[in-house]
Amino acid sequence: QVQLVESGGGLVQAGGSLRLSCTASGSIFSINAMHWYRQAPGKQRELVARITTGGSTNYADSVKGRFTISRARDNSKNTVYLQMNSLKPEDTAVYYCNAVFGTWSRDSWGQGTQVTVSS
């Protein structure tokens with residue numbers, strides 16, 4: 001099993017920055033990839049960024065050039081960060097961390113953290 005704990009959300013003005021953190025514990029060596037998703041009110045959850053165990057990254061077109069996903073790992077924890085710059089009101093959402101792990105590509109989700117960007 002993999003457990004995820006997120007932190008770093010908050011309220012920021014347009015043009016500002018925030019950094020989200022997601023710390024994974026448990027069977028971290030079985031993690032294949034980690035993702036950040038977001039869900040705005042009345043909208044479907046969407047993939048924002050992805051990082052694989054090999055370090056490859058992918059981004060949604062709407063955040064390319066503004067958001068950066070990165071990671072840090074030690075023997076007991078695996079932390080993924082989402083650095084968000086040049087934030088826009090349309091970035092307002094609950095942001096969720098996700099890990100895909102194990103042979104059967106199971107999912108683990110964090111509890112979500114609110115990001116609010118004021119205009």
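**A four-stranded sheet, one disulfide and two buried residues**

Reader: In this predicted model, what is the order of the strands in the open sheet of four strands?

Author: The model is a predicted one. The four strands of this open sheet pair in the antiparallel sense. Their order is β1-β3-β8-β7.

Reader: Which strands stand at the edges of the sheet, and why is one side of each left without a neighbour?

Author: An edge strand here has a single partner strand, so one of its sides has no neighbour in the sheet. The two strands in that position are β1 (2-7) and β7 (67-73).

Reader: By how many degrees are neighbouring strands of this sheet turned against each other on average?

Author: The angle is taken between neighbouring strands of the sheet, with direction ignored. On average it comes to 20°.

Reader: How many bridges pair β3 and β8?

Author: Strands of a sheet pair through backbone hydrogen bonds, either parallel or antiparallel. For β3 and β8 (residues 78-84) the sense is antiparallel. Within β8, Met 84 has Leu 18 opposite. The number of bridges between β3 and β8 is seven.

Reader: Which residues does the disulfide join?

Author: The structure holds one disulfide. Its sulfur atoms are 2.0 Å apart, which is within the 2.5 Å cut-off. The link is left-handed, with -80° about the S-S bond. The residues joined are Cys 22 and Cys 97.

Reader: How many residues apart are the two ends of the disulfide, Cys 22 and Cys 97?

Author: Cys 22 lies in strand β3 (residues 18-26), and Cys 97 lies in strand β9 (residues 93-101). The disulfide thus links distant parts of the chain. Both of these cysteines are buried. Along the chain they are 75 residues apart.

Reader: Why does Asp 91 count as buried or exposed?

Author: Asp 91 lies in the loop between β8 and β9. Buried means under 20% relative accessible area. Asp 91 has a relative accessibility of 1%, so Asp 91 counts as buried.

Reader: Which side chain does the side chain of Asp 91 join in a polar contact?

Author: Not counting residues up to four places away in sequence, Asp 91 touches Arg 38, Arg 66, Phe 67, Ser 86, Val 115 and Val 117. A polar contact of 2.8 Å links the Asp 91 side chain to that of Arg 66.

Reader: Is Thr 52 buried or exposed?

Author: Thr 52 is found in strand β5 (residues 46-52). Leaving out residues up to four places away in sequence, Thr 52 touches Asn 32, Ala 33 and Arg 71. With a relative accessible area of 16%, Thr 52 is buried.

How values were computed
Residues are numbered from 1 along each chain as its sequence is written. This is a predicted model: local features need pLDDT of at least 70, side-chain atom pairs count only at pLDDT 80 or more; totals for chains, interfaces and linings use all residues. Side-chain values use heavy atoms; hydrogens and water are left out. Buried means under 20% relative accessible area, exposed over 50%, partly exposed in between (1.4 Å probe, protein chains only). Two strands pair if DSSP finds at least two bridges between them. Axes are lines fitted to C-alpha atoms, for helices over the stretch in contact, and angles run from 0 to 180 degrees between N-to-C directions. A polar contact is a pair of N or O atoms within 3.5 Å; within protein, one must be able to donate a hydrogen and the other to accept it, and residues adjacent in sequence count only if both atoms are side-chain atoms. Contact means heavy atoms within 4.5 Å.
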